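Dear colleague,

Please find below the structure that I am handing over to you. My notes on what was found in it come directly after.

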Amino acid sequence: MQFYLLKETLVSCAPEEVRSAGQYVALLTPAEWQSERARFDMGIELEPDTGDIHNTKAEVNYDSLTGTFQIPDRANLTERDDKFAFALDEKGVVFIDESGRAGEMIDAIRRTKRWREPSLERFLYDFLEQIVSRDLPIMEGYESELDAIEDAILSGEERDNLIRVNEIRSAVRELRVHYEQLIDMTQELEENENGFFREENLRYLHLFMNRMQRLHDAAASLRDHTMQVRDLYHGQLEVRQNHTMTLLTVVTTIFMPLTLIAGWYGMNFRYMPELEWRWGYVAVIVLSVVIVAVSLIFFKKKKWL
C-alpha cells in the first residue's frame with residue numbers, strides 16, 4: 001500500500017491521514033482494496049472491476065466515481081495492455097493495481113511535478129498526461145516510416161512493405177480506440193455530476209480532452225496515410241503486372257508471323273518452289289530478321305517497350 005497527500009508535490013503519508021489531512025492519492029492491490037476499502041468511506045455502488053477489464057471508462061456512483069484503465073503498451077500496441085481500476089471522491093483517488101503501471105506513473109509525477117495550487121483535478125490531469133506523453137513521437141515515427149515505405153515502393157524496392165504497413169495500421173487503430181475511450185472518460189469527469197471538482201479547475205480536464213481530440217485526429221490522419229500507402233503499393237504492383245503483360249504481348253506479336261512462316265514452310269508440299277530454290281533458306285532467315293526488326297521499331301515508337 002502507498003499513500004500520498006497532494007501538497008506542493010506528492011508527499012508520502014500514513015494510512016490514517018488519508019481522510020483527515022487533505023486530498024490524497026492511494027495505490028493498493030486488489031487484495032488490499034478488499035481489506036481496506038472501508039477506510040476510504042466512499043459511497044460505492046458499482047464496485048471497481050479489477051479482474052475483467054476490457055476498456056477505459058468511468059462510472060458515476062451516488063457519492064463516488066469508479067472506473068478502469070486499459071492502457072496499450074506503447075512498445076507493442078497490438079499485443080499487451082496494462083489494466084487497473086480506480087475509485088475517487090472529493091477527498092482523493094484510489095488506484096487498484098497489480099500490474100505496476102499506475103505506480104510507475106505516480107512515481108514519475110513525484111519526480112517531475114511541483115504545483116503552485118495542488119488539487120485533485122491537477123493531479124488527474126498530470127496522471128492522464130502520463131498515459132499519452134510518448135504518443136506524439138510514436139506517431140511521428142510511424143509517419144516517417146510510412147514516408148520511407150512510400151519512397152521504397154516508388155523506387156521499386158522489393159521488401160515486405162505491405163506487411164509493415166498493416167502492422168502500423170493495426171497499431172494506429174489501437175491508439176484511436178484508446179483515445180476515444182479516454183475522451184469518453186474525460187467527458188464523464190468533466191460533467192462533474194457529484195460536484196467532486198471545483199469549477200475553476202475543470203479547465204484541466206477540458207485541456208486534456210482537447211489534447212486527446214488532437215491526438216485522435218492525428219491518428220485518423222495516420223490511418224488514412226496507411227491506406228494511401230496500401231493503395232500505392234497495389235497500384236505499383238498493377239503497373240508491374242501490366243508491364244509484364246505488355247512485354248509478353250509484344251513477344252507473342254513478334255513471333256506470330258515467324259510462327260506462320262515456320263508453319264507454312266513446314267508443310268513440305270511437293271511442288272513448293274522455295275524448297276528447290278538455292279537461296280530459299282537464306283531468304284527466310286532474312287525475312288524473319290526484317291519482321292523482328294520492323295516489329296521492334298514499331299513497338300518502340302508506340303512506347304510499348
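The notes below take up the largest pocket, two helices, one loop residue and the salt bridges.

Please bear in mind throughout that this is a predicted model.

The largest pocket

The largest pocket holds about 170 Å³ of space. Two elements each give two or more residues to its lining, namely helix H2 (101-112) and helix H3 (120-132). Among the lining residues are Arg101, Glu104 and Met105, together with Gln130, Ile131 and Val132. Asp73, Arg74 and Asp82 also line this pocket, as do Ser133, Arg134 and Asp135. By character, the lining divides into seven charged, two polar and three nonpolar residues.

Helix H2 and Trp33

Helix H2 consists of twelve residues. From its first C-alpha to its last it reaches 17 Å, which is close to the 16 Å expected at 1.5 Å a residue. Its buried residues are Arg101, Ala102, Gly103, Met105, Ile106, Ala108 and Ile109. Of these, Arg101 and Met105 also appear in the lining of the largest pocket.

Trp33 belongs to helix H1, which covers residues 30-36. Is Trp33 buried or exposed? Its relative accessible area is 1%, so Trp33 is buried. Trp33 and Ala102 are 69 residues apart along the chain, and their C-alpha atoms are separated by 15 Å.

A loop residue with positive phi

Asn192 is found in the loop between helix H5 (161-191) and helix H6 (202-265). Its phi is near 50°, a positive value in a residue that is not glycine. For context, most residues other than glycine have a negative phi. Asn192 has a relative accessibility of 12% and therefore counts as buried, the cut-off for that class being under 20%.

Salt bridges

How many salt bridges does a search of the whole structure find? The search finds ten, and three of them are described here, beginning with a pair in helix H3.

Asp126 and Arg122 form a salt bridge through their side chains, with an N to O distance of 3.3 Å. The two residues are separated by about one helical turn, because they are four residues apart in helix H3. An α-helix has 3.6 residues a turn, so residues three or four places apart point the same way. The partners differ in accessibility: Asp126 is buried, with a relative accessible area of 2%, whereas Arg122 counts as partly exposed at 22%.

In helix H5, the side chains of Glu167 and Arg164 meet in a salt bridge at 3.0 Å, N to O. Why are these two residues separated by about one helical turn? The reason is that Glu167 and Arg164 are three residues apart in helix H5. Glu167 is partly exposed at 41% relative accessibility, and Arg164 is likewise partly exposed, with a relative accessible area of 27%. This pair is part of a network in which salt bridges with shared partners join Glu145, Arg164 and Glu167.

Glu59 and Lys57 also form a salt bridge, and their closest N and O atoms are 3.7 Å apart. Glu59 counts as partly exposed at 30% relative accessibility, and Lys57 counts as partly exposed at 32%.

With kind regards

Methods:
Residues are numbered from 1 along each chain as its sequence is written. This is a predicted model: local features need pLDDT of at least 70, side-chain atom pairs count only at pLDDT 80 or more; totals for chains, interfaces and linings use all residues. Side-chain values use heavy atoms; hydrogens and water are left out. On a 1 Å grid over the protein atoms alone, a cavity is a set of points where a 1.4 Å probe fits but cannot get out, and a pocket is an open set with protein on both sides within 12 Å along at least five of seven lines; lining residues have an atom within 4 Å of a point. Grid points are joined across faces, edges and corners, and a volume is the space filled by probe spheres set on the points. Ala, Val, Leu, Ile, Met, Phe, Trp, Tyr, Cys and Pro count as nonpolar, Asp, Glu, Lys and Arg as charged, and the others, Gly among them, as polar. Buried means under 20% relative accessible area, exposed over 50%, partly exposed in between (1.4 Å probe, protein chains only). The expected span of a helix is 1.5 Å times one less than its number of residues. A salt bridge is a side-chain nitrogen of Lys or Arg within 4 Å of a carboxyl oxygen of Asp or Glu.
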